[in-house]
Amino acid sequence: MTNTDTVGSTGRALHETHLPVAEIFGPTFQGEGPHTGRVCSFVRLGLCNLACVFCDTPYTWDRARFDVGAECPEQNVTAVCDQVAGHNTPLTVITGGEPLIHQGRVAFIELLNRLAQHGGIHVETNGTIPPTEHTRERVEHFTVSPKLSNNGADPCNKRVKPCVLRAFVELAMAGRANFKFVVSDHGDLAEVDHLVAEHQLPRSAVWIMPEGRTGDEILAKQATLADAVLKCGLNMTTRMHVLIWGDRRGV
Ligand code: SF4
């Protein structure tokens with residue numbers, strides 16, 4: 001029997017009422033991308049279908065290093081939404097892990113339905129899973145972060161899914177998605193430039209984010225990359241929450 005088959009105290013299967021949740025926090029600021037600085041709450045869901053070596057939330061998926069079940073306990077979505085409502089923020093960002101892994105669960109559908117009653121919903125995704133009709137209806141904005149070869153673990157055909165990117169390009173053209181790439185050096189930036197051209201990502205919707213876990217690292221990489229990013233006609237984002245609070249969880 002799996003977790004999702006287990007029957008909860010209400011008599012309903014847990015996959016209908018619960019999701020694996022690593023963190024719920026807010027009010028805070030969105031720290032990355034075009035919505036940087038907006039007041040929001042975050043709901044971080046467990047599990048991911050990739051295994052990036054630079055991942056800053058490995059506790060959501062890496063069973064070799066973490067007790068993922070303990071890090072991301074199944075939580076009732078009603079309680080999750082009540083907690084978010086207590087933050088009184090106009091926006092909730094659902095992140096992970098890879099949140100769209102859970103799209104097929106009744107509990108995820110319920111999460112979107114309930115959060116939509118409090119305000120806007122943004123989803124942060126790695127761009128390998130297409131949003132369902134219901135997800136597209138409920139989510140205002142998608143931040144799509146396809147992984148480059150600096151992911152260091154997954155083959156290209158697992159990281160980059162052309163048909164999924166096409167779906168997000170469509171949303172980007174409607175102003176409802178942007179693409180964000182984690183870049184360490186000029187080689188990574190050249191790979192982004194190639195990927196942007198190959199998959200016809202609208203450059204005005206593409207953001208380069210320097211990899212780094214400290215303010216000093218991020219600022220140094222931004223300075224190194226800035227001119228080249230401008231030459232590519234792409235946007236650049238910092239990681240504002242790291243500049244303010246460092247590499248702390250839950251802020
Ligand atoms: S896609 Fe995101 S959550 Fe998943 S391993 Fe990569 S960085 Fe971590």
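**Figure 1. Gly-97 and its cis peptide bond.** Let us start in a loop: Gly-97 is found between strand E4 (91-95) and H4. Like every view here, this one shows a predicted model. Look at the link from Gly-96 to Gly-97: this peptide bond is cis, and its omega is near 10°. Keep Gly-97 in mind, as Gly-97 is also one of the residues around the ligand.

**Figure 2. The ligand and the residues around it.** Where does the ligand sit? Its place is the largest pocket. Try to find the neighbours by following their numbers: Cys-48, Leu-50, Ala-51, Cys-52, Cys-55, Thr-57, Trp-61, Gly-97, Asn-126 and Lys-147 surround the ligand. Sorted by class, this shell has six nonpolar residues, three polar ones and one charged one.

**Figure 3. A second cis peptide bond, at Pro-27.** Here the view moves to strand E1 (residues 18-29), where Pro-27 is found. Gly-26 and Pro-27 are joined by a cis peptide bond, with omega at about -5°.

**Figure 4. Leu-47, a residue with positive phi.** Leu-47 lies in the loop that runs between strand E2 (39-45) and helix H2 (68-71). Its phi is near 80°, which is a positive value in a residue other than glycine.

**Figure 5. Helices H3 and H4 packed together.** This close-up pairs helix H3 (residues 77-87) with helix H4 (residues 106-116). Their axes are 9 Å apart, and the two helices pack at an angle of about 25°. Angles under 35 degrees count as roughly parallel, so H3 and H4 are roughly parallel to each other. As H3 passes H4, the crossing is right-handed.

**Figure 6. Helices H8 and H9 packed together.** Now meet another pair: helix H8 (residues 186-198) and helix H9 (residues 215-232). At what angle do H8 and H9 pack? The angle is about 15°, with the axes 10 Å apart. H8 is therefore roughly parallel to H9. The crossing of this pair is right-handed.

How values were computed
Residues are numbered from 1 along each chain as its sequence is written. This is a predicted model: local features need pLDDT of at least 70, side-chain atom pairs count only at pLDDT 80 or more; totals for chains, interfaces and linings use all residues. Side-chain values use heavy atoms; hydrogens and water are left out. A residue is near a molecule or strand if one of its heavy atoms lies within 4 Å of it. On a 1 Å grid over the protein atoms alone, a cavity is a set of points where a 1.4 Å probe fits but cannot get out, and a pocket is an open set with protein on both sides within 12 Å along at least five of seven lines; lining residues have an atom within 4 Å of a point. A molecule sits in a cavity or pocket if more than half of its atoms lie within 2 Å of its grid points. Ala, Val, Leu, Ile, Met, Phe, Trp, Tyr, Cys and Pro count as nonpolar, Asp, Glu, Lys and Arg as charged, and the others, Gly among them, as polar. Axes are lines fitted to C-alpha atoms, for helices over the stretch in contact, and angles run from 0 to 180 degrees between N-to-C directions. Helices (H or I, at least four residues) and strands (E, at least two) are DSSP runs, numbered from the N terminus. Angles under 35 degrees count as roughly parallel, over 145 as roughly antiparallel, 65 to 115 as roughly perpendicular and the rest as oblique. A crossing is left-handed if the near helix is turned anticlockwise from the far one by less than a right angle, and right-handed if clockwise.
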